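Please open the structure in your viewer with the selection panel at hand. The tour goes from a single side chain outward to the elements around it, and each stop says what to select.

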Amino acid sequence: MPDNSPDKAARPITLFTGQWADLPFEEVCRLASGWGYEGLEIACWGDHFEVDKALADDTYIPAKLETLAEYGLKVWAISNHLVGQAVCDIPDERHQAILPERIWGDGEAEGVRTRAAEEIKDTARAAAKLGVDTVIGFTGSSIWHTVAMFPPTPEAMVERGYADFADRWNPILDVFDEVGVRFAHEVHPSEIAYDYWTTVRTLEAIGHRPAFGLNFDPSHFVWQELDVVGFLFDFRDRIYHVDCKDTKVRTGDGRRGRMASHLPWGDLRRGWDFISTGRGDVPWEDVFRALNAIGYEGPISVEWEDAGMDRLQGAPEALQFVRALNAMEPPTASFDAAFAKDD
């Protein structure tokens, strides 16, 4: 099994491959290595990491590790957002477009949810076989469509949504516990936990099980006007992984709103958009100071998304931006110690 323990003196910087899954895995390894990334957060789609093959073929994972080693890369986490989304969602043609055919099947809703749940269990097993202890992803939500609270949403309906989440995810988390892997939920609109208070409620719904933690991605917080540093401090014991993605907010002209008007990514009529890390409104220095303060020692993963910029420019630029902040270590002595008189 590979030694993927993060160096406590320097958190490794990885590249999330989800937005690169149109390229062969080896090509992404070549690019990331050439830019100076230390590893990959590997997506479970494209040919990057196929859960069914990882469990069925004993040569599959050694071949992946061999490719990583050839390019001087390591892996600390894998991500299965697309299948995780279907566990609690009400599936429709959007899900069919992102799910493997073996998960979608005939499209019957409960069948899709059941197969998705089994695949997330298998993802934990595959992660353990790969030698990593964290799976990142989404949960889906049966109540996200009620977020506008009209027609009026009774509290009992919301309660059923959290109960549905717990009923579907507790058996999944049992498997995570069995194999010694943690799930890091990305707090994100359209999920059961999408802001501060829904995160509180989500953790309560599953009894604060250690197997369920958080993937911290502040890009989803900025346009909701959430306190990113406060979130880190309040959920410090649940921050299992960190993604660096940025957001630019462009509201204020009376036309562009935070709900984004059903406009596509990159459309300048939107009230906000994802943007290359370091070019948006995330207070990154505050974020890294907070990560130091809470003692986070895991990977820092660049999740590159920007509809107005070429990724071959953005990914290496983002690495340099993140690397400079990641190198900022807590002081070994207080600056005001120099003012004290000698005894």
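Which residues does Arg209 touch, not counting residues up to four places away in sequence? Select Arg209 in this predicted model, and with it Asn170, Leu173, Asp174, Asp177 and Arg238, which are the residues it touches once those up to four places away in sequence are set aside. Arg209 itself sits in the loop between α9 (196-205) and β6, and it is counted as buried because its relative accessible area is 15%, where the cut-off for buried is under 20%. Now display the side chains as sticks: the side chain of Arg209 makes a polar contact with the side chain of Asp174 at 3.0 Å, and another with the side chain of Asp177 at 2.7 Å.

Next, select helix α8, residues 155-179, which lies across β4 (134-137), β5 (182-186) and β6 (212-216), and which runs at about 140° to β5. Keep β5 and β6 on display, since the two strands run parallel and are joined by 4 bridges; at one place to look, Ala184 stands opposite Gly213 in β6. Strand β6 is mostly covered, with 5 of its 5 residues buried.

Now widen the selection to the barrel as a whole, where 8 strands close in the order β1-β2-β3-β4-β5-β6-β7-β10 with parallel pairing. From one strand to the next, the twist averages 30°. To see where this order begins, select β1 (residues 13-16) and β2 (residues 39-43), which pair in the parallel sense over 3 bridges, and note that the bridge partner of Phe16 in β2 is Glu41.

Colour residues 30-324 for the following stop: an unreviewed UniProt entry annotates this span as "domain: Xylose isomerase-like TIM barrel". The span is 45% helix and 14% strand, and its end C-alpha atoms lie 23 Å apart.

The last stop is helix α7, residues 109-130, whose 22 residues reach 31 Å from the first C-alpha to the last, close to the 32 Å expected at 1.5 Å a residue. What caps the N-terminal end of α7? Select Glu108, which has a side-chain oxygen 3.2 Å from the backbone nitrogen of Glu110 and thereby caps that end. Then move to the residue that follows α7, Gly131, whose phi is positive, near 100°.

How values were computed: Residues are numbered from 1 along each chain as its sequence is written. This is a predicted model: local features need pLDDT of at least 70, side-chain atom pairs count only at pLDDT 80 or more; totals for chains, interfaces and linings use all residues. Side-chain values use heavy atoms; hydrogens and water are left out. Two strands pair if DSSP finds at least two bridges between them. Axes are lines fitted to C-alpha atoms, for helices over the stretch in contact, and angles run from 0 to 180 degrees between N-to-C directions. Contact means heavy atoms within 4.5 Å. UniProt positions are given in the numbering used here, feature names are shortened, and annotations may be inferred rather than shown by experiment. Buried means under 20% relative accessible area, exposed over 50%, partly exposed in between (1.4 Å probe, protein chains only). A polar contact is a pair of N or O atoms within 3.5 Å; within protein, one must be able to donate a hydrogen and the other to accept it, and residues adjacent in sequence count only if both atoms are side-chain atoms. The expected span of a helix is 1.5 Å times one less than its number of residues.
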